[in-house]
There are 4 protein chains.
Amino acid sequence: MPLSPAPHRRWSRRKQARPSEILAAALDVFAERGFAAARLDDVAARAGISKGTLYLYFPDKAALFKALVREAILPNLDQAEAALASHTGSAEALLRALVRRFLAVLLDQRLIAVPKLVIGESGNFPELAEFYLNEVIRRGKSLFAQVIERGIAAGEFRAVPAAVAAPLVIAPVLFTAIWKSTFEPHDPGNRFDAEAFLDLHLDLLLHGLSRSPDGSPEPQA
Amino acid sequence: MPLSPAPHRRWSRRKQARPSEILAAALDVFAERGFAAARLDDVAARAGISKGTLYLYFPDKAALFKALVREAILPNLDQAEAALASHTGSAEALLRALVRRFLAVLLDQRLIAVPKLVIGESGNFPELAEFYLNEVIRRGKSLFAQVIERGIAAGEFRAVPAAVAAPLVIAPVLFTAIWKSTFEPHDPGNRFDAEAFLDLHLDLLLHGLSRSPDGSPEPQA
Amino acid sequence: MPLSPAPHRRWSRRKQARPSEILAAALDVFAERGFAAARLDDVAARAGISKGTLYLYFPDKAALFKALVREAILPNLDQAEAALASHTGSAEALLRALVRRFLAVLLDQRLIAVPKLVIGESGNFPELAEFYLNEVIRRGKSLFAQVIERGIAAGEFRAVPAAVAAPLVIAPVLFTAIWKSTFEPHDPGNRFDAEAFLDLHLDLLLHGLSRSPDGSPEPQA
Amino acid sequence: MPLSPAPHRRWSRRKQARPSEILAAALDVFAERGFAAARLDDVAARAGISKGTLYLYFPDKAALFKALVREAILPNLDQAEAALASHTGSAEALLRALVRRFLAVLLDQRLIAVPKLVIGESGNFPELAEFYLNEVIRRGKSLFAQVIERGIAAGEFRAVPAAVAAPLVIAPVLFTAIWKSTFEPHDPGNRFDAEAFLDLHLDLLLHGLSRSPDGSPEPQA
DNA sequence: GATGAATGAGTATTCATTCAT
DNA sequence: GATGAATGAATACTCATTCAT
């Protein structure tokens, strides 16, 4: 749990907790307003500190943004990589588990706001896009590529190019998270059924990846 | 071609051309900076007019944004719906054609900026998210759902729930367009191979959708 | 009738009528918004012409203001001076008549807006204050002073200094007009009873002015 | 003394003093330019602060205006009401004292600018006119009406309708203050003799109000 | 003459950042 | 460390004025 959404335990030294509290507040505000429209006043107020104190911890708004990306996302990648390393079951089971965990993290921790911010601000903050690309996306893509390769090696999957297939696993997950955070609040009647959507996604995908008993041809790269 | 990227005309009948010229400029600036960080000065400068002239055509920044969505996106939907109505071949061929056309429009006309803007600004402009949801997304989703239903009716596809499957067709296309506009500029070595990616997407998808001769089981909803 | 509040007679040559129509529109707009907040767009729209046409008749906003003062007020002064010259009855009757006429003009023609504008803009347009002082106020004050002097000369009034007393006649009239245009619209329950107010004003004033042999007031006619 | 025209204090406890300093500056600028033409830059400069600091104390221009009305006028009304409550002498003495005090406040503190602003901006800021009507004018009118009623009750004055007569007391005072602030600066030769004017006003008025020994008839309402 | 599209200087307001306390 | 008052650069928006048609 990289961010501390709770007011924090009584006995914790404040100075230790502050950065995380601030980042949690920043995530909220950035998620609601976007980067440019987010006001540091609001971040400070939500973190329960003064605006000046913000600058004791983060030199400027962009640094706050970067720290948020770093602290919010990377631990989840560490966790997923550990899961990959320790997994012993089938590639399909691992793929299903990672996809569900991926979506859960994006939604439960409101972390979907982070890629949305990166996407929205890549024009204004190229270094952030680069950082995100190198530290987050590459690792995530590699993670799923490894799962696919493991499945191919084990004879579970057909020999698709893993680097091309990996984003194909991810895209509907991101789609779901973006949808739920962007459109569902404005679409009161229709809940987006993420379960059914991801079930169908995984079923079609795994069906397509599976070595079919009838010897259906390998899809071309 | 809803936007006129062409520079200027003679010194008359300008009033007709202005709105499109302004919207083309606005698309550029919004795409580069996002909504909140875009300066109307820049839009005006890029359209070759003064700031005041902007306000002769659009009452405020939000209206400019809305008009952009309207004029840039809707004609493409009209076109796609016409293609659906007049298509006589297989559902698969139609699906492949629409997906390619969809991506081409997003990239060639830089229109991917529009959904990115909507996503980034939905917190600040809820009415815009609603408008986009109702006018664009619903129609697009319905379009692909109809193609799938047509395939099911024709016996080409298995009986998947079309409303759930439609976003599954779309997600990788949006992913590609977002990737190419957001990350590829910062990732000079690695070109994202959209061709290969969409080929694999369509192959796996159509494979999964196809009525297998051996009577493989229908995927559960 | 210096201003033309009506759309104008069909047969009138427009070029003749235009300036008056514009000034009538300007009076409306200035009365509603004050000088600085009045928009020439509104004046033009209300006059039924384009903004450019305004500049064919008046070089700038200040000139419009000055012309308004000139055309709206001076004819009424001419009229009042003519009434003074031709009057043959008692000074009291003349005073009463002029006071009532003064108020009626201010209210009926919405001319109260003009002194209000002069008062409000004297800091920004010193020349206008000077013009109004010299062309309007001096003449008005002189007018009432002459009536008082005539009354003194005729033995109707006591020998008060006429130049000091004249503004004393005027002040409650202006007060009434300002009240009715400024506060009565926001005070729906309470109509300001201008009749009773001016009656009391004139009664007390004339009572105070009246020549009594024993130093006590003579009963008024 | 509600406004602090004094320049500055030590470098602390400034937050206390700021609002009054700002309002004093605002009174100056509004008095010179009117509301719409006043620039907040000028207010800030005159208050010795930056433009941004203004917004720390007043949310917008209209709020500055309202606060000015509130802080500048109401204490004087409190004072006058206290004087009325504690006065033990004749109604005439009280009336004379209040009238002189009224004028002195308007001129010494430049407060005449406030009713001039209200009059000039009532079209643009109806709520301000309402506020001024309810908080200032009603109380002021009631104040003078009470003095008159006290005089009637004590047998000093004739039985005139006090609510009608009260504005009659006030009108020449306002006239004087408006004159001195609006026209006297542009009329270098002729000083307006406020002393003589108010003397004559009070003499005629009190003469008219006084119970004449010869039993002259009460003026009709 | 008349129009109204175009202009750009002008102003209210916001907000990231600083710094004296 | 923490505060929050102060700053001023930045920007959306307005409107008097001009001028090609």
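**Chains and DNA strand E in a predicted model**

Me: What makes the approach of Ala38(D) to DNA strand E a polar contact?
Reply: In this predicted model, a backbone N or O atom of Ala38(D) is 3.0 Å from a phosphate oxygen of DNA strand E. The cut-off for a pair of N or O atoms is 3.5 Å, so the pair counts as a polar contact.

Me: What makes Ser50(B) and Lys51(D) polar contacts of DNA strand E as well?
Reply: A polar backbone atom of Ser50(B) lies 2.9 Å from a phosphate oxygen of the strand. For Lys51(D), a polar side-chain atom is 2.9 Å from a base oxygen. Both pairs are within 3.5 Å, so both qualify. Helix H3 (51-57) of chain D is among the elements that give two or more residues to the surface near DNA strand E.

Me: Which residues are closest to DNA strand E, and how many surround it?
Reply: The strand is surrounded by 33 residues, the closest being Arg39(A), Arg18(B), Thr53(B), Tyr57(B) and Thr53(C). Of the strand's atoms within 4 Å of the protein, 67% belong to sugar and phosphate.

Me: How do the residues of that surface divide by class?
Reply: There are 14 charged, 13 nonpolar and six polar residues.

Me: Why is the relation between chain C and chain D called a two-fold axis?
Reply: A turn of 180° with a shift of 0.1 Å along the axis lays chain C on chain D with an RMSD of 0.1 Å. That is the relation of a two-fold axis.

Me: How do you know that the copies meet through the same surface?
Reply: Of the interface residues of chain C, 94% are also interface residues in chain D, so the surface is the same.

Notes:
Residues numbered from 1 in each chain as written. Chains lettered and ligands numbered in written order. Predicted model: local features only at pLDDT ≥ 70, side-chain atom pairs only at ≥ 80, totals over all residues. Heavy atoms only, no water. Least-squares fit on C-alpha atoms with pLDDT ≥ 70 in both. Contact = heavy atoms within 4.5 Å. Near = heavy atom within 4 Å. Polar contact = N/O pair within 3.5 Å; in protein donor to acceptor, adjacent residues only side chain to side chain. Helix = DSSP H or I, 4+ residues; strand = E, 2+ residues; numbered from the N terminus. Nonpolar A, V, L, I, M, F, W, Y, C, P; charged D, E, K, R; others polar.
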